[in-house]
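Here are some questions and answers for a reader who is meeting this structure for the first time. Each answer sets a value against the rule behind the word.

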Amino acid sequence: MTDEICMQRCLELASLGMGSVSPNPMVGCVIVHNKKIIGEGYHKKFGEAHAEVNAINAVLKQYDEAAEAMLANATAYVSLEPCAHFGKTPPCADLLIRYRIKKVVIGNTDPFADVNGKGIEKLKNAGIEVVSGVLESQCSYLNRRFFTRIKQQRPYIILKWATTANGFFAPRNIVQQWISGPLSKKLVHKWRTEEDAILIGKQTALADNPQLSSREWRGKNPIRILIDRDLQVPVSNHVYNKEAKTIILNEVKTEVQDNIHFIQMEDMQYYLPQKIAFQLYLMDIQSVIIEGGANILNQFIKAGLWDEARVFTSASSWNEGIASPVINGLITDQYRIEQDNLTIYRNNTST
């Protein structure tokens, strides 16, 4: 029962909150007494109890009258610094102090201004031993979306597209033509359940009439974002149905019609990626998948506004078409998905 083993369990628990806690971070908590785990918890849903609350409640439920004495001699492992402020829920640092937890082991400090170091300070002032920085890089990576939003005032941006073996992104005529296979499509739908939003441009909406849903994977649908400067996409298009909240970025109007939110922007021909990133930040959208078209993807690449790129390369070739975007990033992973190859890139220049 080393600190690293217990923190790894915190990370496993925290990841169960993927897609449900944004704009909060994913957090897991493990409580250990006499080298035995006596309680576990994670932050399950935004606005609901945090990981520490769920872990302590698990101890109280299982051990009844003995619980408080056990907690007073226990170590709490938590993947992110316990909050020290009142938000949707009371401060978790106060809860740990209330139950006189003997020691707290932390993965990351929380960069959010209302917490950063204050949770640790509260615990230490109460006489609790605090150790921090255990599996710090792994904890940071898990919450890279949250950290990007807090530190850079923008969402975590994932670029995604498929390319033929000879480098074509889409046919030249406005006709939908699949490049990647059915298993790759299922994986993309899984990704959609994990992120806050998905974004496409007008040409993609007109050519493909996509649903932008997670229908092939269990989970929520992402917020749909359409860039349609002059509102040329007809309301009969799938993005206008009631399956998910939809944001239409345009230069014509700001208006809300049921689940459709029109947001007017100025001079969309200039610095569009930067304007979109800031607008989404203001709306508490912590992560977004940009699925195209090629022009939108290339604008974000040129602006350096991306964190990950996920590129499927099929085994088939076309005689002609629109050239795929070209990206310069660090390859972090490569996978074989049936007949497709999936390459994951990381942007080393984003700060």
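**Contacts, cysteines and domains**

Leaving aside neighbours within four places in sequence, Cys92 is in contact with His50, Glu52, Val53, Pro82 and Cys83. The model is a predicted one.

Q: What makes His50, Glu52, Val53, Pro82 and Cys83 contacts of Cys92?
A: Contact means heavy atoms within 4.5 Å. These five residues are in contact with Cys92 once its neighbours within four places in sequence are set aside.

Q: How far apart are Cys92 and Glu52 in sequence and in space?
A: Cys92 and Glu52 are separated by 40 residues in sequence, and their C-alpha atoms are 6.4 Å apart.

Q: Where does Cys92 lie?
A: Cys92 is part of helix 4, which covers residues 92-98.

Q: Why is Cys92 called buried?
A: Buried means under 20% relative accessible area. Cys92 has 1%, so it counts as buried.

Q: Why is there no bond between the sulfur of Cys83 and the closest cysteine sulfur?
A: A disulfide needs the two sulfur atoms within 2.5 Å. The closest cysteine sulfur to that of Cys83 is in Cys92, at 3.7 Å, and therefore too far for a bond.

Q: Is Cys83 buried or exposed?
A: Its relative accessible area is 8%, so Cys83 is buried.

Q: Why is Cys6 not bonded to Cys10?
A: The sulfur in Cys10 is the closest cysteine sulfur to that of Cys6, but the distance is 7.3 Å, which is too far for a bond.

Q: What makes Cys6 buried?
A: The limit for buried is under 20%. Cys6 is at 1% relative accessibility, so Cys6 meets it.

Q: How many disulfides are counted by the rule?
A: The count is 0 disulfides.

Q: How is the chain divided?
A: Domain 1 covers 3-148 and domain 2 covers 153-347. Their C-alpha centres lie 35 Å apart.

Q: How do you know that domain 1 and domain 2 are in contact?
A: In domain 1, 10 residues are in contact with 15 residues of domain 2. About 1000 Å² is buried between domain 1 and domain 2, and carbon and sulfur atoms give 47% of that area.

Q: Why is the pair Arg145 and Glu195 called a salt bridge?
A: The rule asks for a side-chain nitrogen of Lys or Arg within 4 Å of a carboxyl oxygen of Asp or Glu. The side chains of Arg145 and Glu195 meet at 2.8 Å, N to O. Between domain 1 and domain 2 the count is 2 salt bridges. Helix 7 (residues 144-152) gives the largest share of the side of domain 1 that touches domain 2, with 4 residues.

Technical notes:
Residues are numbered from 1 along each chain as its sequence is written. This is a predicted model: local features need pLDDT of at least 70, side-chain atom pairs count only at pLDDT 80 or more; totals for chains, interfaces and linings use all residues. Side-chain values use heavy atoms; hydrogens and water are left out. Buried means under 20% relative accessible area, exposed over 50%, partly exposed in between (1.4 Å probe, protein chains only). Domain bounds come from an automatic or database domain assignment. Buried area is the accessible area (1.4 Å probe) that two parts lose on being put together, summed over both. Helices (H or I, at least four residues) and strands (E, at least two) are DSSP runs, numbered from the N terminus.
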